[in-house]
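The following exercises concern a predicted model. Please attempt each task before reading its solution.

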Amino acid sequence: MVQLLEEMEVYAKENKIPIMLSDGIEFLEQYIKENKISKILEIGTAIGYSAIRMCVNNNIKVVTIERDNERYKEALKNIKKASLENQITVINDDALNIELEEKFDLIFIDAAKSQYIKFFEKFKKNLNYNGVVISDNLNFHGLTKQKERIQNRNTRQLVNKINKYIEFLKNNNEFKTTFYDIGDGIGVTRRVENE
Ligand code: SAH
Ligand code: MG
């Protein structure tokens, strides 16, 4: 398992695939253990790295969505190598196209930064009452906090979108978010009544 994970880290680096940073994924693993999480929805599988790491040593189920076909196929291969086919289901589609009936204890948002509000609005109905939404990359390599230094227009637009999502979370009456400077910035969002 350690070897497979190391190979995936190398593959991700070589192919510029933004898998979770190690302290971020360790935070998630810890959260899953401490909060007795058993069903997770992940938006943004990439090659299956975070899905596999969440499942190793945790008896949980993960449904994960990836729109890119190459990455989807790579994820299936890796999940098979890890013998986690019974725990991880990968859906090859755009998350905004699919409807799920199931409820989850944790929804992990780690996909296109420009769509975070849409993902949140769409999938909050799939969140168990005591569930949590965890969002990755809220610091966007530190850029969300130093907007004026960004030269590239696309990057600036993305940073604006992430900042809009952060504002959306901060101003949400139904949910309360705690922000952590872990990995590339993580938000942990729970229903207000569950404080
Ligand atoms: N969670 C992974 C990394 C995900 S990278 C890990 O840590 O190992 C983000 C992925 O989200 C990319 O592979 C991208 O193709 C996918 N993605 C982006 N927008 C998406 C969408 N709307 N629906 C499904 N997948 C999406
Ligand atoms: Mg990420």
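**Exercise 1.** How many bridges join strand E1 to E2, and in which direction do the two strands run relative to each other?

*Solution.* Begin with strand E1, residues 39-43: five bridges join this strand to E2, and the two run parallel. One pairing can then be located, since Val62 in E2 is the bridge partner of Ile40. Finally, follow the chain from E1 to E2: it passes through helix H3 (residues 49-55), and this β-α-β crossover is right-handed.

**Exercise 2.** Determine how E2 is connected to strand E3, and state whether E2 is largely enclosed.

*Solution.* Strand E3 comprises residues 88-92 and runs parallel to E2, with five bridges between them. Within this pairing, Ile65 stands opposite Ile91 in E3. The chain travels from E2 to E3 by way of helix H4 (residues 69-81), in a β-α-β crossover that is right-handed. As to enclosure, E2 covers residues 61-66, and five of its six residues are buried, so the rest of the structure largely encloses this strand.

**Exercise 3.** Which residues are the protein donors of the magnesium ion (ligand 2)?

*Solution.* The donors are Asp110 (OD), Asp136 (OD) and Asn137 (OD1), at 2.0 to 2.1 Å from the ion. Their spacing in sequence is D-x25-D-N. Asp110 and Asn137 link distant parts of the chain, 27 residues apart: Asp110 belongs to the loop between strand E4 (104-109) and helix H5 (116-123), while Asn137 lies in the loop between strand E5 (127-136) and helix H6 (153-170). To classify their accessibility, apply the cut-off of under 20% relative accessible area for buried residues. Asp110, at 11%, therefore counts as buried. Asn137, at 10%, is buried.

Key
Residues numbered from 1 in each chain as written. Chains lettered and ligands numbered in written order. Predicted model: local features only at pLDDT ≥ 70, side-chain atom pairs only at ≥ 80, totals over all residues. Heavy atoms only, no water. Buried < 20%, exposed > 50% of the residue type's maximum accessible area, 1.4 Å probe, protein only. Helix = DSSP H or I, 4+ residues; strand = E, 2+ residues; numbered from the N terminus. Pairing = 2+ DSSP bridges. Right-handed = clockwise from strand over helix to strand, strands pointing away. Donors = N, O, S within 2.8 Å, 3.2 Å for Na, K, Ca; no water.
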